[in-house]
Amino acid sequence: MTFSSLGLSEPILRAIEESKYSTPSPIQIKAIPAVLAGQDLMVSAETGSGKTAGFSLPLLQRLSGGSRVKSNHIRALVLVPTRELALQIGKSVASYGKHLSLKSGVVYGGVKINPQMMKLRGGIDVLVATPGRLLDLSSKNAVKFSQVEILVLDEADRMLDMGFIDDIGKILVLLPKKRQNLLFSATLSAYIRKLADELLNKPLQIEVSPPNAPAESVKQWVYEVDKDMKRALLSHLVRSKNWEQGLVFNRTKKGADRLVKQLQRDDISAAAIHGDKSQGQRTRALDDFKANKFRVLVATDLAARGIDISELPHVINFELPKVPEDYIHRIGRTGRAGFEGEGISLVCADEVKLLAAIENLIRQTLAREVERGFIPTHKVPLTRLQDRPKKPKKPKKSKKSTVQNN
Ligand code: AMP
């Protein structure tokens, strides 16, 4: 199968060639002809499947044939949950459309609104936006929707998780009724299906990878480790295995910052990316990490959404996620586009239930490994969880003392 057999036009094929994609991914094979034909889509696919090109390439081609965009108007709207994803999709759209005379742009919160208003003045064919900022711009009359032909809702499950449902509802009423709708979600919960029922018109359903399964190209295993030895084990792994690039997941922002400091104390270059960091700091950390300027990027789940680093070799769960599906999203950062990856979880006794929930979801028992070269210097030995002795019960106080003082 080739890209040209999917009905894509010459300027788009040229951009694909320059991106060095040789064959379309399974999702692209199904989605591209359907979008070109004007159909609605409901796609269950994760980042890494090639879904962005799956919708952007045909969307750009459809827009390239239409009328000019008017001042402050947009013709296609791509709604995404996070700034990182917005930037990433914006970059892809700009690159796939570089030989077309279409304008694309990205808007998201946490940065000044004025430059975004200025950019919108000239009209933008493809706008990638986070919901809150889009509504702010709309309330200032900076963006108008009457020319919208195509709506893309990306990572719909995450949008609902993040509480964007009301904002999405407010945006939908502003859009023209007649339009093409493309809905993407990593998981297909009952809630997502309900949203799809309301939004989509006889959609083509595409399920590419089986939902709830990490990619086979990722080798996964678990180290059972005492909570207060996790940091020492992480430093040991980074150093002894000479990791150049590891993405480490931590549940909390504070925990992520603390871990970065501890790693730095161990002479391992590290930075954190989470919601309390400014947009500039997040973008810089991500760019520096991609450029191999430091070795460990510590991220929270939300901040890591949309991180796309080709050939990222290691993902480490410093703490397991509370929501088992997030394990799949985390592990999905590695082993992409045909590369091998490693997904490693450091699991302490408090997390046994979380691990069981993950193994239940992915329907496999993760291998338990012992890191032979790691000698804990802490007083608590690195025991296997199942071997851990139960806490001895406190002896009941008896009235008569049986202790003899010899
Ligand atoms: P996505 O699932 O859209 O986040 O894409 C994941 C990664 O795959 C991105 O880095 C894309 O540049 C890359 N990609 C998309 N389509 C292809 C393709 N047909 N061949 C090779 N790489 C691709």
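**Exercise 1.** How many bridges join strand 12 to strand 13, and in which direction do the two strands run? Place this pairing within its sheet, and state which helices pack on the sheet.

*Solution.* The model is a predicted one. Begin with the pair itself: strand 12 (residues 314-317) and strand 13 (residues 341-347) run parallel and are joined by four bridges. Within this pairing, valine 315 stands opposite glycine 343 of strand 13.

Next, widen the view to the sheet, which is open and consists of seven strands in the order 10-11-9-12-13-8-14, with parallel pairing. The edges are held by strand 10 and strand 14, each of which has a single partner strand, so one side of each is left without a neighbour in the sheet. On average, and with direction ignored, neighbouring strands are turned by 25° against each other.

Finally, add the helices. Helix 12 (residues 279-290) packs on the sheet through strand 9 (246-249), strand 10 and strand 11 (296-299), and its direction makes about 145° with that of strand 11. Helix 14 (residues 324-331) also packs on the sheet, where it touches strand 8 (218-224), strand 9, strand 12 and strand 13, its direction making about 155° with that of strand 12.

**Exercise 2.** Classify the pair formed by the rings of tyrosine 21 and tyrosine 96, and explain which parts of the chain it ties together.

*Solution.* A search of the whole structure finds four aromatic pairs, and this is one of them. The ring centres lie 6.2 Å apart and the planes stand at 65°; because an angle over 60 degrees counts as edge-to-face, the pair of tyrosine 21 and tyrosine 96 is edge-to-face.

Tyrosine 21 belongs to the loop between helix 1 (10-18) and helix 2 (26-36), whereas tyrosine 96 belongs to helix 4 (residues 83-96), so the pair ties together parts that are 75 residues apart in sequence. Tyrosine 21 counts as partly exposed at 36% relative accessibility, while tyrosine 96, with a relative accessible area of 5%, is buried.

A further edge-to-face pair is that of tryptophan 221 and tyrosine 223, at 6.3 Å centre to centre with 85° between the planes; both of these residues are buried.

**Exercise 3.** Where do aspartate 267 and arginine 363 lie, and are they buried or exposed?

*Solution.* Aspartate 267, whose phi is positive, near 70°, although it is not a glycine, lies in the loop between helix 11 (253-265) and strand 10 (270-273). Its relative accessible area is 70%, so aspartate 267 is exposed.

Arginine 363, likewise not a glycine, has a positive phi of about 55° and is found in the loop between helix 15 (352-362) and strand 14 (367-369). With a relative accessible area of 75%, arginine 363 is exposed.

Definitions and conventions
Residues numbered from 1 in each chain as written. Predicted model: local features only at pLDDT ≥ 70, side-chain atom pairs only at ≥ 80, totals over all residues. Heavy atoms only, no water. Buried < 20%, exposed > 50% of the residue type's maximum accessible area, 1.4 Å probe, protein only. Pairing = 2+ DSSP bridges. Axes fitted to C-alpha atoms, helices over the stretch in contact; angles between N-to-C directions. Contact = heavy atoms within 4.5 Å. Phe/Tyr/Trp six-rings, centres within 6.5 Å; stacked < 30°, edge-to-face > 60°.
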